[in-house]
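Colleague: Could you take me through one part of this model up close? I'd like to hear about the charged side-chain pairs, and then whatever sits next door to them in the chain.

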Amino acid sequence: MARTTSTGDRKPLGERIEQLRQTIRGHDYRYYVLSQPQIADADYDRLMRQLIELERQAPQLVTPDSPSQRVGGVPDAAFRPVRHQVPMLSLDNAFGVQEVQAWQERVRKGLARAQPTFTVELKIDGVGLSLLYERGRLSRAATRGDGTSGEDVTANAKTVRAIPLRLQGKVPRRLEVRGEVYMRKADFERYNRLAQRRHEETFMNPRNAAAGSLRQKDPQVTAQRPLRFVAHSYGAVEGVAFTTHWEFLQAIRRYGLPITEHAAVYERVEDALAACRRWEERREQLSYEADGVVLKVNELALQQRLGMTHKSPRWAIAYKFPAQQVTTRVRDIVPSVGRTGTITPVAHLQPVACAGVTITHATLHNYDEIERLGVRAGDWVVVQRAGDVIPQVVEVLTDKRTGHERRVGPPTRCPECGGVVVKAKEEDVAYRCISPSCPAQLARRLLHFGSRPAMDIEGLGDVVVEQLVSKKRLRDVGDLYRLSLSDLLDLELFAQKKAQKLLDAIQASKSRGLARVIYGLGIRHVGEKAAQVLAEQFGSMDRLMQADAQALQAIPDVGPVMAGAIATCFGQPQTKQVIQHLKAAGVRMVEETTKGPKPLAGVTMVFTGELADFTRSQAEGLVRQLGGKTASSVSPQTRYVVAGKEPGSKFEKAKALGVQVLSETEFKRFIDAKR
């Protein structure tokens with residue numbers, strides 16, 4: 001074991017502090033990136049204690065990227081929504097050699113005569129994370145979320161020692177790195193054993209442990225979890241240009257970011273496939289859970305030529321390892337209500353070990369799937385972990401039946417609230433509870449109601465809603481307007497100023513208007529445009545609630561499916577109760593139609609990026625007031641695109657289509673001129 005060099009007491013304090021920081025960063029790099037540790041953990045801890053003591057003597061010299069600053073308090077930005085400048089797309093999956101070969105054939109046709117090379121990286125089963133470095137310093141970390149936007153988890157990500165707070169060497173001005181936060185198998189098992197002894201929460205598998213740790217409200221808790229990070233791709237980048245994916249991987253490794261230790265590049269797809277099969281055979285030897293191997297076209301120019309589908313890149317594919325299977329018995333089949341109201345049958349199983357975890361439940365997806373499988377309560381079944389994560393029933397062992405098995409059909413009433421369960425006519429699968437006050441759906445409904453396109457209640461995010469629901473402060477969206485200061489001060493992370501700000505936002509939302517309320521109710525099939533049409537057609541919530549399906553279908557933009565969904569929703573006693581709560585709170589539910597000329601009639605606008613003086617909804621409302629239309633995507637029919645701060649792909653598409661782009665200042669002048 002190498003000995004560390006003393007920093008000496010004769011050097012100026014600032015110099016000694018910086019030398020210690022460099023020494024600690026060097027050991028982090030050798031441990032997490034090179035896998036070549038040079039000192040014992042105890043010696044590393046001694047260096048850290050020395051640094052903390054020196055910084056205590058000179059607090060004015062403490063910097064945010066100092067190794068001592070990994071664990072801090074919870075900032076105001078914790079878990080706030082973060083919009084990804086470049087979407088974090090998912091990968092298409094290949095479940096065998098033939099599907100990879102079919103992908104390679106599509107790549108060959110898409111590139112004509114070009115001959116790509118291929119990179120291979122193990123697909124570590126972790127939680128997606130985006131790290132933004134500005135001038136080499138970590139400025140933000142965000143979860144993948146839905147691929148378009150995630151949550152700010154910077155404070156928690158900083159506690160992960162494999163994530164450098166400052167990159168080393170000559171680095172880009174701006175670099176967004178994507179990767180996975182994960183736990184090694186041995187670390188996961190040690191953590192669960194320790195948690196059991198302390199009577200604390202244990203986790204089902206390493207991935208769940210990583211996800212739960214990254215979303216802790218207290219970074220000091222996250223710091224106690226044995227998390228690691230590995231980088232595999234990038235989003236936005238400024239100040240450097242890579243020619244191949246392999247070049248990118250080697251560059252970020254030099255910057256101090258870990259990559260998968262077994263990454264390789266191959267000239268032929270056949271060799272890449274052979275590597276996939278080797279790792280499939282050796283997967284149990286890995287120190288972490290891996291559910292497959294990712295193949296990518298190496299050349300970035302060729303990646304650009306191949307492009308994307310709406311959900312995944314054409315230049316990459318995930319070769320998935322076969323799921324592991326076990327046999328067990330179905331104790332019961334129980335309906336479970338999801339956050340969107342979908343009722344999913346869940347098989348309660350006799351506990352069985354599979355791929356390192358104990359399985360007690362498995363999804364049956366829907367009631368048609370129960371019929372397809374022929375599964376009954378009491379059956380013996382074959383269960384597998386799909387993608388090594390989600391247990392599912394794949395086969396019923398009918399020869400083991402005793403005659404005591406029980407058939408299970410869909411419920412007619414919601415098991416959570418007793419509300420009506422419906423099956424939409426155009427669907428053959430999903431049964432749903434449509435009650436707006438169903439407790440199983442309440443959190444999702446509240447978030448939707450407070451979202452920008454709906455009531456635009458700033459500060460009503462996931463963490464706040466989860467706490468309000470868990471403390472039973474809210475029963476439906478109408479209860480938002482009954483919240484008091486004391487209700488909010490009782491929540492974690494809330495002080496007087498923050499609580500008052502949320503109450504003010506709730507109060508301001510009362511004047512949003514009928515269209516926003518209709519959309520906020522989350523009626524199935526009713527989007528923003530349909531809500532606006534309904535508001536303009538009926539003018540008030542009372543008149544809309546009195547309309548039957550026939551009257552609704554008479555509206556040009558409302559078809560029979562949407563009409564049926566609206567009539568069914570407003571026919572529910574729970575919906576009527578919610579509307580009464582909103583009325584009592586003073587929420588405006590009439591549409592004020594503007595008379596006079598419509599100077600923007602026939603004009604369609606699209607907004608992208610963050611606006612300084614408007615919310616997105618406010619800006620779109622101005623356009624509609626003047627007779628114009630707004631859209632969520634750019635097309636040849638788009639007349640203008642309004643670009644705010646950090647515009648996304650819509651900005652690039654507008655330029656490609658020759659659509660006129662307005663800045664926010666130009667938009668304000670434009671609107672003022674039309675009034």
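Modeller: Let's start with D125, which counts as buried because its relative accessibility is just 12%, under the 20% cut-off. Keep in mind that this is a predicted model. The partner of D125 is R207, and their side chains meet in a salt bridge at 3.6 Å, N to O. R207 sits in helix 6 (residues 206–214), while D125 is in the loop between strand 3 (118–124) and strand 4 (127–134), so the pair ties together parts that are 82 residues apart in sequence. R207 itself has 30% relative accessibility, so it counts as partly exposed.

That pair is one of 24 salt bridges that a search of the whole structure finds. Another one joins R401 to D379, with the closest N and O atoms 2.8 Å apart. Both of these residues are in loops: R401 between strand 16 (390–396) and strand 17 (421–423), D379 between helix 11 (367–373) and strand 15 (380–386), so this bridge links parts that are 22 residues apart in sequence. D379 is buried, at 1% relative accessibility, whereas R401 is partly exposed, at 26%.

Further along the chain, D487 and R473 meet through their side chains in a salt bridge of 4.0 Å, N to O. D487 belongs to helix 14 (residues 485–489) and R473 to the loop between helix 13 (462–470) and helix 14, so the two parts tied together here are 14 residues apart in sequence. R473 is partly exposed, with a relative accessible area of 26%. This bridge also has company: salt bridges with shared partners join K471, R473, D487 and D490 into one network.

Now for helix 13 and its packing. Two packed helices are described by the angle between their axes and the distance between the axes. Helix 12 (residues 442–449) packs with helix 13 at an angle of about 135 degrees, and their axes are 10 Å apart. An angle over 145 degrees would count as roughly antiparallel and 65 to 115 as roughly perpendicular, so helix 12 and helix 13 are oblique to each other. The crossing of helix 12 past helix 13 is right-handed.

As for who touches whom, helix 12 brings L442, A443, L446 and L447, and these meet D462, V465 and V469 from helix 13. Sorted by class, that contact has six nonpolar residues, no polar ones and one charged one.

Methods:
Residues numbered from 1 in each chain as written. Predicted model: local features only at pLDDT ≥ 70, side-chain atom pairs only at ≥ 80, totals over all residues. Heavy atoms only, no water. Helix = DSSP H or I, 4+ residues; strand = E, 2+ residues; numbered from the N terminus. Buried < 20%, exposed > 50% of the residue type's maximum accessible area, 1.4 Å probe, protein only. Axes fitted to C-alpha atoms, helices over the stretch in contact; angles between N-to-C directions. Parallel < 35°, antiparallel > 145°, perpendicular 65-115°, else oblique. Left-handed = near helix turned anticlockwise from the far one by under 90°. Contact = heavy atoms within 4.5 Å. Nonpolar A, V, L, I, M, F, W, Y, C, P; charged D, E, K, R; others polar.
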